[in-house]
Amino acid sequence: SDAPQASDTSPVKTEENEPRAPLVPAVKVPAVTKTTIPQGETILLMGDSLANSCGTAFVPLVSRRNDLELVKHGKVSANLSNPVFDEWFEELEQVLSQKHFDIIILMMGANAAQAIVEDGKRWEYGTEKWEEIYRRRAEGLISKMKSEGSRIYWIGIPPMLKKSYSQKMEGHNNRISEICREQEISYLPIGSVMGNEEGKYEEYK
């Protein structure tokens, strides 16, 4: 999996006894329906290493139509709780400034379950302050993409091999689906696509 990378090695203060945020309940996700992409549209697939690996599957799908353009911009450890989030967000702004994308597909979060460092303080995963910062960053990211007039699709995290981590990712998917609903963008769960019928990890599908 992606290894967190930090550009600032200065000591940070871990906040002790920070209250835990309540678990995010599962949000009922509307059924996904097939849609036809209009001619001549451009598609940006962005996120972490999952976007890179899964993006490989998008290439042959898009190449069936010579009127579509797919741009991949995946970066290892690119997630909203990463210490280098600001640098990654700046990269996103540069990509969006160079070209208009009709569709933006976002796939990231496999390494979200780590502490967030902000203003010299370290907030552990799942605490109330962690939730506050993560949601603020997610909303800022979505706001930036919306300002470009793009249709946005956030793809959920697939089931993981390690049960304990897979359960964390299920909770994270609940968090993301709720944010997407509030921000009025599309959330696409893929547990049943990349896992078994129950949405659990499967070696080969």
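Here a trainee and a mentor talk through one helix and some salt bridges of a predicted model.

Mentor: In this predicted model local features need pLDDT of at least 70 and side-chain atom pairs pLDDT 80 or more, while totals for chains, interfaces and linings use all residues. Residues are numbered from 1 along each chain as its sequence is written, and side-chain values use heavy atoms, with hydrogens and water left out.

Trainee: What makes Arg136 and Glu118 a salt bridge?

Mentor: A salt bridge needs a side-chain nitrogen of Lys or Arg within 4 Å of a carboxyl oxygen of Asp or Glu. For Arg136 and Glu118 the N to O distance is 2.9 Å, so the pair fits that rule.

Trainee: Why is Glu118 called buried?

Mentor: Buried means under 20% relative accessible area, exposed over 50%, and partly exposed in between (1.4 Å probe, protein chains only). Glu118 has 18%, so it counts as buried.

Trainee: And why is Arg136 called partly exposed?

Mentor: Its relative accessible area is 40%, which falls in between those cut-offs, so Arg136 is partly exposed.

Trainee: How do you know that Glu182 and Arg135 form a salt bridge?

Mentor: Their N to O distance is 3.8 Å, which is within 4 Å, so the pair counts. Glu182 lies in helix H4 and Arg135 in helix H3, so this bridge ties together parts that are 47 residues apart in sequence.

Trainee: Which of the two is buried, Glu182 or Arg135?

Mentor: Arg135, at 17%, counts as buried, whereas Glu182, at 42%, is partly exposed.

Conventions. Helices (H or I, at least four residues) and strands (E, at least two) are DSSP runs, numbered from the N terminus.
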